[in-house]
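Please work through the following exercises with the sequence and the model at hand. Each task is followed by a solution in steps.

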Amino acid sequence: MENATIFQTFLLTLAVCLMLTVGLIILINKGLKQFYEKVSQDHDIANFFTRLTNIILLLGGLSAAMASSYTTGEDANWLTLTWDIADQLEESLSQLFFTLMIFTIAFLILHLMAKRTVK
Amino acid sequence: MNNWAEFHISIVYFSGLLIALITSVLSLLYLRPVRATINIITGQLATVWNGSFKMTVMLGGLLGAMSVTFTDCGGGYDKLVGSPYHSAIKGIEQVSSSFNYLAIVMGIWLIIFITLRLTSNKRMRESDLRAQAKK
């Protein structure tokens with residue numbers, strides 16, 4: 001299998017990972033904004049925090065998608081290419097999953113802190 | 001020695017660094033207005049906080065890109081010479097590492113800023129309560 005085919009597949013899968021990440025960001029954006037507005041009690045600060053979170057998710061998802069390596073040379077065939085595509089998608093999704101889990105735990109702690117502050 | 005290929009590898013390396021730098025700058029531009037927002041969040045020493053934030057974001061991106069080495073364990077780069085594909089993959093790895101560093105740096109700053117905001121909210125509320133009690 002030619003290296004050019006493998007590289008094109010890599011870029012195409014990267015584009016799919018990018019779309020998945022952007023889709024996830026769009027999905028959670030509204031809720032994030034509301035949460036940050038409650039925590040910060042300021043519209044501008046909430047916007048800043050939301051943008052910061054968006055960048056973190058985008059960079060995290062993309063970095064994982066870019067880090068995966070494809071089988072090349074004589075060992076490469078359509079089957080290894082399929083596995084490599086699945087690996088790339090899995091890496092990106094797992095990075096997003098772990099980032100979101102860390103955010104969820106952090107938001108829980110922050111929510112409790114904010115509740116104490118309001119009291 | 002294949003000079004063309006070595007020149008190519010160096011272009012890929014420096015392109016990776018440039019992309020890392022551009023990404024850091026674009027991230028900061030996307031967050032605008034940074035200075036005014038950090039001013040509200042921190043209150044005191046806003047210039048220091050603002051400078052530290054921008055500096056760490058830029059350095060994080062660059063360091064991430066620089067942390068990827070193009071040489072193998074023996075210090076050679078034979079695999080990259082004559083192989084644009086492997087050079088490009090190394091360049092992508094460089095950008096990926098840079099994104100990773102940037103995400104970690106920004107995550108740490110997000111937690112710092114939220115904690116600062118919550119603390120200042122608490123202080124404001126306490127001073128309001130004290131003012132009400134005096135009345």
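**Exercise 1.** Determine whether A:Thr99 is buried or exposed, and state which residues A:Thr99 touches.

*Solution.* Step 1: A:Thr99 is located in helix H3 of chain A; helices (H or I, at least four residues) are DSSP runs, numbered from the N terminus. Step 2: the relative accessibility of A:Thr99 is 16%, so A:Thr99 counts as buried. Here buried means under 20% relative accessible area, exposed means over 50%, and partly exposed lies in between (1.4 Å probe, protein chains only). Step 3: not counting residues up to four places away in sequence, A:Thr99 touches A:Ile56 and A:Leu57, where contact means heavy atoms within 4.5 Å.

The conventions are as follows: residues are numbered from 1 along each chain as its sequence is written, and chains are lettered from A and ligands numbered from 1 in the order in which they are written. This is a predicted model, in which local features need pLDDT of at least 70, side-chain atom pairs count only at pLDDT 80 or more, and totals for chains, interfaces and linings use all residues, while side-chain values use heavy atoms, with hydrogens and water left out.

**Exercise 2.** Place A:Thr80 and A:Thr50 in chain A, and state for each whether the residue is buried or exposed.

*Solution.* Step 1: A:Thr80 lies in helix H3 of chain A, and its relative accessibility of 15% makes A:Thr80 buried. Step 2: beyond four places in sequence, A:Thr80 touches A:Thr71 and A:Asp75. Step 3: A:Thr50 belongs to helix H2 of chain A and is buried, at 4% relative accessibility. Step 4: leaving aside neighbours within four places in sequence, A:Thr50 is in contact with A:Asn29, A:Leu32, A:Lys33 and A:Tyr36.

**Exercise 3.** Identify the residues that touch the most other members of the largest nonpolar core, and the element that gives the most to this core.

*Solution.* Step 1: a nonpolar core is a set of buried Ala, Val, Leu, Ile, Met, Phe, Trp, Tyr and Cys residues joined through side-chain atoms within 4.5 Å. Step 2: the largest such core has 50 residues, and A:Tyr36, A:Phe48, A:Phe49, B:Phe53 and B:Phe113 touch the most other members. Step 3: two or more residues each come from H1 (3-40), H2 (43-67) and H3 (78-118) of chain A, and from H2 (34-42), H3 (46-66) and H4 (84-134) of chain B. Step 4: H4(B) gives the most, with 14 residues. Step 5: A:Tyr36 has contacts beyond four places in sequence that include A:Phe49, A:Thr50, B:Leu110 and B:Ile114.

**Exercise 4.** How many aromatic pairs does the whole structure hold, and how are the rings of A:Phe103 and A:Phe107 arranged?

*Solution.* Step 1: rings of Phe, Tyr and Trp (its six-membered ring) pair if their centres lie within 6.5 Å; planes under 30 degrees apart count as stacked, over 60 as edge-to-face and the rest as tilted. Step 2: the search finds 18 aromatic pairs over all chains. Step 3: the ring centres of A:Phe103 and A:Phe107 are 5.6 Å apart and the planes stand at 15°, so this pair is stacked. Step 4: both residues, A:Phe103 and A:Phe107, are in helix H3 of chain A, 4 residues apart, about one turn of the helix, and both are buried. Step 5: one aromatic cluster has A:Phe103 and A:Phe107 among its members, including also A:Tyr36, B:Trp49 and B:Trp109.

**Exercise 5.** Describe the interface of chain A and chain B by its contacts, buried area and salt bridges.

*Solution.* Step 1: 35 residues of chain A are in contact with 32 residues of chain B. Step 2: the two chains bury about 3,200 Å² between them, 76% of it on carbon and sulfur atoms; buried area is the accessible area (1.4 Å probe) that two parts lose on being put together, summed over both. Step 3: between chain A and chain B there are 0 salt bridges, a salt bridge being a side-chain nitrogen of Lys or Arg within 4 Å of a carboxyl oxygen of Asp or Glu. Step 4: over all chains the structure holds 1 salt bridge, and B:Lys90 and B:Glu93 form a salt bridge at 3.7 Å, N to O.
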